[in-house]
Amino acid sequence: MPPAYCTHLDTPVGRLLLTADADGALTSLTVPGQKGGRTLQEDWRYDPGPFRAAAEQIAAYFAGDLKEFRLPLRATGTAFRQRVWDALDEVPYGATVTYGEIAARIGAPRAAVRAVGGAIGANPLLILRPCHRVIGANGSMTGYAGGLDRKVRLLTLEGALA
């Protein structure tokens with residue numbers, strides 16, 4: 001089902017494209033140049049109205065005043081991806097986890113780390129569903145669909161990086 005609404009939001013990490021379904025649940029948040037991100041479509045209804053709460057919370061997040069988003073999210077994906085995304089939602093502000101830790105949290109075998117990485121990379125709700133908090137087992141800044149520079153900026157904002 002295509003998004004019913006969309007809007008743009010200017011932030012410190014670029015102009016975001018947000019989409020929502022007819023009920024107002026957010027279906028995607030895309031940053032400029034995002035690998036696999038959404039692009040504006042002609043049949044989407046441009047209307048900032050359904051995004052007021054998201055705009056307020058995102059602004060508060062970037063101001064350092066919000067640590068947990070409380071927004072209706074509705075991303076579509078396989079059951080496996082949904083489990084991975086649910087695990088991302090449990091990673092607290094200012095913390096990081098590894099791909100292996102996410103695999104363990106969802107009860108997946110260690111060999112599923114690549115599949116976990118694929119599910120994290122397919123997260124359509126960047127920033128809101130904090131895939132930027134997942135790092136390599138050796139502490140390295142590994143893949144982020146929004147770009148490693150944005151990942152570092154988000155983790156620095158949250159105090160996870162000096």
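Begin by selecting Asp89 in this predicted model and showing whatever lies around it: once its neighbours within four places in sequence are set aside, Asp89 is in contact with Arg129 and Pro130. Now display the side chains of Asp89 and Arg129, which are joined by a polar contact of 2.9 Å.

To place Asp89 in the fold, colour helix α2, residues 79–89, and you will find Asp89 within that helix. Is Asp89 buried, exposed or partly exposed? With a relative accessible area of 34%, Asp89 counts as partly exposed, because this value falls between the 20% and 50% cut-offs.

Next, add Thr27 to the selection and draw a line from its C-alpha to that of Asp89, a distance of 15 Å between two residues that stand 62 apart in sequence.

From there, move to the loop between α4 (113–121) and β6 (134–135), and select Ile127, which is found in this loop. The relative accessibility of Ile127 is 2%, and therefore the residue counts as buried. Look also at the backbone here, since Ile127 has a positive phi of about 70° although it is not a glycine. Most residues other than glycine have a negative phi.

Finally, colour the whole protein by pLDDT, whose mean is 93, with 98% of the residues reaching 70 or more. Where in the protein is confidence lowest, and where is it highest? Strand β4, residues 45–46, has the lowest confidence, at a mean of 92, whereas helix α1, residues 52–62, has the highest, at 97.

Notes. Residues are numbered from 1 along each chain as its sequence is written. This is a predicted model: local features need pLDDT of at least 70, side-chain atom pairs count only at pLDDT 80 or more; totals for chains, interfaces and linings use all residues. Side-chain values use heavy atoms; hydrogens and water are left out. Helices (H or I, at least four residues) and strands (E, at least two) are DSSP runs, numbered from the N terminus. Buried means under 20% relative accessible area, exposed over 50%, partly exposed in between (1.4 Å probe, protein chains only). Contact means heavy atoms within 4.5 Å. A polar contact is a pair of N or O atoms within 3.5 Å; within protein, one must be able to donate a hydrogen and the other to accept it, and residues adjacent in sequence count only if both atoms are side-chain atoms. pLDDT is the predictor's confidence in each residue, from 0 to 100.
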